[in-house]
Amino acid sequence: MSDQNYHEFWDEAMNQIHEEYKNAGQENDFLLWFNLEYVEDTLSTITVAVASEFMWRLMLSKGNIDKVTKKIAELTGQSITLKYIVRSKKVDSTEAPSKTNEETSSSAAKQASVSLSPTAASKQTAAAEEKKNLKHPQLREDYTFDNFIPGDNSAYAFNASLAAAKNPGRAYNPILIYGGVGLGKTHLMQSIGNYIYADKGPKIKICYLSAETFTNEFIASIGEKTTDKFKSKYRNLDVLLLDDIHFLQGKDSTQEELFHTFNALYDRNCQMVFTCDRPITELKGIEDRLRTRFSRGLSIDLQPPNYETRRAILVKKLEIQGKKIPDDVIDYIAKNVQTNVRDLESSLTKMLGYADLVNKELTVQIAQEQLRDTFSSPLSGTISIENIQKVVADHYAISISDIKSKKRDRKFVIPRQIALYIARQLTEYSFPELGNEFGGRDHTTAMHSYEKVEEQLKTDSSLNSTIQLLIREVKDYKK
Ligand code: ADP
Ligand code: MG
């Protein structure tokens, strides 16, 4: 290893590319899509660390890896191959990297997760040590970018969050992350906080809290006649991370207070991050002026991860805990737990707990038995078509009889198609049965409605979020 040979060239290449993007008015693109960290080099290669295999492939397909290679060739006169490793948590390992992945041999299914070299390791350990001393009281230490696996569903959210963290208040402000439960909204939001805190030190005033706590604190301050104190506390922050803003629906006076807080922080270029369980357009009982402010910066959508990402997340979680389970068991969990990352985590915890208890190696058969409850949608017995129709009708402020009727107005047709789609997803009803339940239509009409929604979902991510939200509501629906 010719350690450090190319390090300066690397820095220079990245600086030059950064400048080029800046001059073209595309600095944000640079911040988003060149998330590469120098690790080490040999005479003909440079190894970089990336956040996930998926991110590497994305940067490869965008031509960014090519750009870097060309720039390095320009500067050094040598043709250098870029190799990558997936950033690993096990930075204190003294092993040399066992495996790197050539640019040309990146295999889609393989999740590369290897330890870093001693030099990189000790550097990162030192950085980690430093970070440890800088623990922010409101932020979870493990909610960091390093522990987050960006995949098909979250690469953009991850990159935008990282860009904002590197350049708070300047790159994107505010950031609004929305999507269903357990998809990593809080994790990403706190990663931004942790990053800024580690980067800028404790002098920076970062506040993380849920919209519910914000509301309660505000109401208490009215009772205690300390609203001035409340106002100055929040209006003088440097970074505000406000989680789960859907809680603010219908809370008019808190919204008003947040509106003024927002303006004060925005004027001072203070970074704000909000999360919400649905697209902002779907929020009810939120003042328009606040709604427009939430979406003034960048709104990003988190979707459930696909199989490959789910697998990568499981591998990462195991690595963090220093645990091993057989590959086919990992596969089984990744294939079957499709809802969200929280469910994925709890399935894994359940499996590991069981293995510990019986002191046995896990097998697919044990996994099947242990996770039966998780997959056999515990609610399938209690989900009725009527509940689905009720939840969807309520959401669109129409009645169940509108949903079942033959009315052709768009305001009825769309909820009807969505309800039917959800019914098909969550129950065992056939198309003829569904047609029957939806106002005595024939099975081809039912099938057509279903396919229409399915088709639209391919391009309309906000419809997808709405449907995910409705599905959750249906599952939570208590008679
Ligand atoms: P949300 O706020 O959207 O409900 P959380 O941020 O609480 O979700 O995430 C739920 C759990 O899943 C957390 O333990 C989080 O660390 C984990 N998680 C979510 N997405 C990822 C990811 N892409 N990589 C690693 N862990 C993740
Ligand atoms: Mg959350």
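**Briefing: the ligand 1 site, two helices and some unusual backbone spots**

Around ligand 1 sit 17 residues, the closest being G182, T186, H187, R342 and E345 (a residue is near a molecule if one of its heavy atoms lies within 4 Å of it). This is a predicted model, where local features need pLDDT of at least 70 and side-chain atom pairs count only at pLDDT 80 or more, while totals for chains, interfaces and linings use all residues. Residues are numbered from 1 along each chain as written, chains are lettered from A and ligands numbered from 1 in the order written, and side-chain values use heavy atoms, leaving out hydrogens and water.

**Ligand 1**

- Backbone atoms make several polar contacts here (pairs of N or O atoms within 3.5 Å).
- One backbone N or O atom of G182 is 2.7 Å from an oxygen atom of ligand 1.
- A polar backbone atom of G184 lies 3.1 Å from an oxygen atom of the ligand.
- For I149, a backbone N or O atom sits 2.9 Å from a nitrogen atom of ligand 1.
- On its own, ligand 1 has 560 Å² of accessible area, and the protein covers 94% of that (areas come from the Shrake-Rupley method with a 1.4 Å probe; for residues, only the protein chains shown count as cover).
- Three elements each give two or more residues to the shell around ligand 1: α7 (185-200), α12 (307-321) and α14 (341-358).

**The chain overall**

- The protein chain has 22 helices and nine strands (DSSP runs numbered from the N terminus: helices are H or I with at least four residues, strands are E with at least two).
- Of its 479 residues, 51% are buried (buried means under 20% relative accessible area, exposed over 50%, and partly exposed in between, with a 1.4 Å probe and protein chains only).
- Take the contacts between residues at least 6 apart in sequence: 73% of them join residues at least 24 apart (contact means heavy atoms within 4.5 Å).
- About 22400 Å² of the chain is exposed, with carbon and sulfur atoms supplying 48% of it.

**Helix α21**

- Helix α21 covers residues 443-457, so to speak 15 residues, and its first and last C-alpha atoms are 21 Å apart, close to the 21 Å expected at 1.5 Å a residue (the expected span is 1.5 Å times one less than the number of residues).
- Its buried residues are A446, S449, Y450, V453 and L457.
- Those residues are on the same side of α21, because they cover an arc of only 95 degrees around the axis (the arc is that of the directions from the helix axis to the C-beta atoms).
- As background, an α-helix has 3.6 residues a turn, so residues three or four places apart point the same way.
- The buried residues of α21 pack against α19 (410-426), α20 (431-437) and α22 (461-476).

**Helix α10**

- With 16 residues, α10 reaches 23 Å from its first C-alpha to its last, close to the 22 Å expected at 1.5 Å a residue.
- Its buried residues include L258, F259, F262 and L265, along with the polar N263 and others.
- Packing partners for the buried residues of α10 are α8 (211-223), α9 (227-235), β7, β8 (271-276) and α11 (288-294).
- After α10 comes N269, whose phi is positive, near 55 degrees.

**Backbone spots worth a look**

- Most residues other than glycine have a negative phi, and most peptide bonds are trans.
- The bond from N173 to P174 is cis, with omega near -10 degrees, and P174 is in the loop between α6 (155-166) and β5 (175-179).
- D244 is not glycine, yet its phi is positive, near 60 degrees.
- You'll find D244 in the loop between β7 (239-243) and α10 (252-267), where its 28% relative accessibility makes it partly exposed.
- N359 also has a positive phi, near 55 degrees, and lies in the loop between α14 and α15 (364-370).
- At 68% relative accessible area, N359 is exposed.

**Y172 and N159**

- Y172 is in the loop between α6 and β5 and is buried, at 11% relative accessible area.
- Its C-alpha is 8.0 Å from that of Q271, though Y172 and Q271 are 99 residues apart along the chain.
- Beyond neighbours within four places in sequence, Y172 contacts N28, L32, A160, A163, A164, Q271 and L298.
- N159 is in helix α6 and is buried, with 0% relative accessibility.
- Outside its neighbours within four places in sequence, N159 touches L32, W33, N35 and M55.

Key: Polar contact = N/O pair within 3.5 Å; in protein donor to acceptor, adjacent residues only side chain to side chain.
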